[in-house]
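The following exercises invite the reader to examine a protein model step by step. Each task is followed by a worked solution.

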Amino acid sequence: MSQKKLLLSFSDLVKQRHSVRKYKIDYKIPKEDLHEILEMAHTAPSAWNLQHWRVIVIQDSTRKEALISIANGQQQVADASAVFVILGDLEANLTAEAVYRPLVDDGFMSGETYAHILKDINQVYETQKAKARDDAFLNTSLFAMQLMLAAKSKGYDTGPIGGFQADRLIDFLHIPKRFIPILMIPIGVSGKQVHPTVRLPLEEILINESF
């Protein structure tokens, strides 16, 4: 059964989203809910609209159990209903044609502009490997945050995990060299009340105009 949708304002939504580590075991999220969450997350912005993210969805209990040691003993990857393995595309320029060609075909972009954009994108990816990696992390992180908010809007909880053994995860899931693991995000229904977290005062993080 699908979780009841939460009728929350955006302000309430961001305030009620917390990183959860304890989940109700054996709760199964309906496929349509997972798809809707991913569709909402997929509207996230990205440089050149290259959509640098890819997502592996793991629901099989045996696979989730195997993730525990890869996630350095974090039990929530097994207890959660599913785990999103979020990947960044190191060769996102290869998607440029699929993103921009339809705009030319539909008359929204000239062939000249199309050729210019593809040339610029490919030049950056061929000459600035560090930027390609940075873009994979930056843009995929925008997607990941939007995914967690989308999950909360559907009544589900999440908790991003950055502490995992990337090399082992790559081997376990046969991840191609083109993609780099960014985050693991368990999703499910919280099995324990989450305690409040401490946030620094706004004055400590806000710099007006310049240091």
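**Exercise 1.** Determine whether Glu 209 is buried or exposed, and state where Glu 209 lies.

*Solution.* Step 1: the relative accessibility of Glu 209 is 84%, so Glu 209 counts as exposed. The classes are buried for under 20% relative accessible area, exposed for over 50%, and partly exposed in between, with a 1.4 Å probe and protein chains only. Step 2: Glu 209 belongs to the segment after α9 (202-205). Helices are DSSP runs of H or I with at least four residues, strands are runs of E with at least two, and both are numbered from the N terminus. Step 3: the phi of Glu 209 is positive, about 70°, although Glu 209 is not a glycine. Most residues other than glycine have a negative phi.

The model is a predicted one, in which local features need pLDDT of at least 70 and side-chain atom pairs count only at pLDDT 80 or more, while totals for chains, interfaces and linings use all residues. Residues are numbered from 1 along each chain as its sequence is written, and side-chain values use heavy atoms, with hydrogens and water left out.

**Exercise 2.** Locate His 174 and assign its accessibility class.

*Solution.* Step 1: His 174 sits in the loop between α8 and β4 (179-188). Step 2: with 66% relative accessibility, His 174 counts as exposed. Step 3: the phi of His 174 is near 55°, a positive value in a residue other than glycine.

**Exercise 3.** Describe the overall make-up of the protein.

*Solution.* Step 1: the protein has nine helices and four strands. Step 2: along the sequence they follow the pattern α-α-β-α-α-β-α-α-α-β-α-β-α. Step 3: the C-alpha trace spans about 55 × 45 × 35 Å along its principal axes. Step 4: of the 211 residues, 41% count as buried. Step 5: among contacts (heavy atoms within 4.5 Å) between residues at least 6 apart in sequence, 81% join residues at least 24 apart.

**Exercise 4.** Establish how helix α3 and helix α8 are arranged.

*Solution.* Step 1: α3 (residues 61-70) and α8 (residues 166-173) pack at about 155°, and their axes are 10 Å apart. Axes are lines fitted to C-alpha atoms, for helices over the stretch in contact, and angles run from 0 to 180 degrees between N-to-C directions. Step 2: α3 and α8 are therefore roughly antiparallel. Angles under 35 degrees count as roughly parallel, over 145 as roughly antiparallel, 65 to 115 as roughly perpendicular, and the rest as oblique. Step 3: the contact is formed by Arg 63, Ala 66, Leu 67, Ser 69 and Ile 70 of α3 with Arg 168, Leu 169, Phe 172 and Leu 173 of α8. Step 4: by class, this contact of α3 with α8 has six nonpolar, one polar and two charged residues. Here Ala, Val, Leu, Ile, Met, Phe, Trp, Tyr, Cys and Pro count as nonpolar, Asp, Glu, Lys and Arg as charged, and the others, Gly among them, as polar.

**Exercise 5.** Which residues meet where α2 packs on α7, and at what angle do these helices pack?

*Solution.* Step 1: α2 (residues 31-41) and α7 pack at an angle of about 140°, with axes 8 Å apart. Step 2: α2 and α7 are therefore oblique to each other. Step 3: Ile 37, Leu 38, Met 40 and Ala 41 in α2 meet Phe 143, Gln 146, Leu 147, Ala 150, Ala 151 and Ser 153 in α7. Step 4: the contact of α2 with α7 has eight nonpolar, two polar and no charged residues.

**Exercise 6.** Characterise the surroundings of Ser 81 and of Asp 135.

*Solution.* Step 1: Ser 81 is in the loop between α4 (76-79) and β2 (82-89). Step 2: Ser 81 counts as buried, at 7% relative accessibility. Step 3: the side chain of Ser 81 reaches the backbone oxygen of Tyr 27 at 2.5 Å. Step 4: not counting residues up to four places away in sequence, Ser 81 touches Tyr 27, Lys 28, Ile 29, Gln 59, Lys 64, Ile 187 and Gly 188. Step 5: Asp 135, in helix α7 (residues 129-153), counts as buried at 8% relative accessibility. Step 6: leaving aside neighbours within four places in sequence, Asp 135 is in contact with Ala 47, His 52, Tyr 125 and Thr 140.

Technical notes: Polar contact = N/O pair within 3.5 Å; in protein donor to acceptor, adjacent residues only side chain to side chain.
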